[in-house]
Amino acid sequence: MASPQRSWSLSSLPLDMIQEIFHRTPAESLLRSKPTCKKWYDLIKNKRFIYEHLRRSPGRSLRTDERRFLRIDKTVQIMEPVTITRSEKPIPHELQPLENIKAMVHCDGLMLCMCSDMESRIVHLALWNPLTRRIALMQPSTRFTTSDHYGIGHGDNKYRDGYKILRFSDRRYADHYHCEADVEIYYCETSTWRALDDAKVDWTMDLTCQGVSVMGNMYWLARRVVQMIIEDFILCFDFSVETFKDVCFCPLYNINNYLSCFDGDRLSFLQQDEAEPNIIEVWATNKLADDGDDVSFTKYFRVVNPDLPSLLFDHREMSSQPVYYIAKNKRIIAWCEGVVRDGDKFPICIVLYEIDVGGLRNQRVTELHYENDYVGTFLCGYVYVPSLVPLP
């Protein structure tokens, strides 16, 4: 007589084994699993589990790349480059109308959103988790303006200390109004601001660089004039000690430079001259945490090919910044605007590119937009990693 089949389910496993499986599970799948049972629900919403899941994410990326591209046009669009799948969600009403979105900065699955009113030059700040669809607005100590710069990060223990928001005014505006540059920090856990009166701002920012958050600190392209000599360098704000510091000099500075996170703990610097798009150079730093203040760029690889796409696209007298990251085997994965021909018309297209040292390997048109139905995504395309990190 055949023996009866044993019934088995994941729920019957010990909790520590379920937890180990869940640590290796993508955040999107965990979110869908929350309603399955109370035991899973309690585990997945546990703050300690969430941060351990986030800490282990780089290990899982050895097999499956968790990075996504996020763009906002008439909807929130998230592209998974590996499978070339694209999802759409409504824009949160706190971020509408669309024209008001100025920029975003990504940190641990959270997006710091800057929404500006161009007439009054007032900015509204919001912290948004696109995966959980949670969003929180921040109240200013005085007011936010379009001449300010913003960043997000955390101290050495983000689980204990929470996230922090940085706001500072540019040196050029302080000089114009004959005042000291304004610098302050917002502590998300307590919803309070603190002014950094001792912070010295003696540089100006690259206006096309909205900054990148790496390992809890913010990095920007900046410029300083010393004895009539122009210095272009990487500026950092260290959220642990709450101070600015120079990191290293930039590679040869061209008009089109793009700063990004590389490998989770480094910076990458992509250069492509608009007048000579057949050359792309990619630079990378050493690990930011290993050598203290001894950080420098080295050329990672160079691509020379007459068929390279121009990753910078001029549209209506505005330049749409490329959204890219550096993948394994010296590959550039980018999701950018371009133009294709459709009879007598030239619609705007959104193209997913894969470029390696030999040139353009793959391209896929993911969207087509004609002039009358396209708003554009100037500075509103970002590399994004889904997470379950809760809003404070």
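pLDDT is the predictor's confidence in each residue, on a scale from 0 to 100. Keep that scale in mind for the views below, since they all come from a predicted model.

**View 1. Confidence along the chain, with two stretches to read with care.** Averaged over the protein chain, pLDDT is 82, and 83% of the residues reach at least 70. Residues 59-64 are another matter: pLDDT stays under 50 there, and the model gives this stretch eight contacts beyond four places in sequence. A second stretch, residues 315-319, also stays under 50; for these residues the model has 13 contacts beyond four places in sequence.

**View 2. An open sheet of four strands.** Here you can follow the strand order β3-β2-β1-β28, with antiparallel pairing. The sheet is open, and its edges are β3 (85-89) and β28 (381-384), each of which pairs on one side only. Ignoring direction, neighbouring strands are turned by 25 degrees against each other on average. As a reminder, strands of a sheet pair through backbone hydrogen bonds, either parallel or antiparallel.

**View 3. Where β1 meets β28.** Zooming in on the sheet, strand β1 (residues 68-72) runs antiparallel to β28, and four bridges join the two. To find your way, start from arginine 71: its bridge partner in β28 is glycine 381.

**View 4. Asparagine 305, a buried loop residue.** Asparagine 305 sits in the loop that links β21 (297-304) to β22 (313-315). With a relative accessibility of 17%, asparagine 305 counts as buried because the cut-off for that class is under 20%. Leaving aside residues up to four places away in sequence, asparagine 305 touches Asn278, Gly358 and Gly359. For glycine 358 there is a polar detail to look for: its backbone oxygen is 3.2 Å from a polar atom of the asparagine 305 side chain.

**View 5. A salt bridge between aspartate 182 and arginine 167.** The whole structure holds 23 salt bridges, and this view shows one of them, in which the closest N and O atoms of aspartate 182 and arginine 167 are 2.3 Å apart. Aspartate 182 belongs to the loop between α6 (171-176) and β11 (183-187), while arginine 167 is part of strand β10 (residues 163-169), so the pair ties together parts 15 residues apart in sequence. The two partners are worth comparing at the surface: aspartate 182 is partly exposed, at 35% relative accessible area, whereas arginine 167 is buried, at 3%.

**View 6. Aspartate 232 with arginine 223.** In this salt bridge, the closest N and O atoms lie 2.6 Å apart. Aspartate 232 is the buried partner, with 14% relative accessibility, and arginine 223 is partly exposed, with a relative accessible area of 33%. In general, side chains of opposite charge can pair when their charged atoms come close.

**View 7. Aspartate 238 with lysine 245, and a network elsewhere.** The side chains of aspartate 238 and lysine 245 form a salt bridge at 3.5 Å, N to O. Aspartate 238 is buried, with a relative accessible area of 12%, while lysine 245 counts as partly exposed at 30%. For a case with several partners, turn to Glu20, Arg24, Glu52, Arg55 and Arg56, which are joined into one network by salt bridges that share partners.

Notes:
Residues numbered from 1 in each chain as written. Predicted model: local features only at pLDDT ≥ 70, side-chain atom pairs only at ≥ 80, totals over all residues. Heavy atoms only, no water. Pairing = 2+ DSSP bridges. Axes fitted to C-alpha atoms, helices over the stretch in contact; angles between N-to-C directions. Buried < 20%, exposed > 50% of the residue type's maximum accessible area, 1.4 Å probe, protein only. Polar contact = N/O pair within 3.5 Å; in protein donor to acceptor, adjacent residues only side chain to side chain. Contact = heavy atoms within 4.5 Å. Salt bridge = Lys/Arg side-chain N within 4 Å of Asp/Glu carboxyl O.
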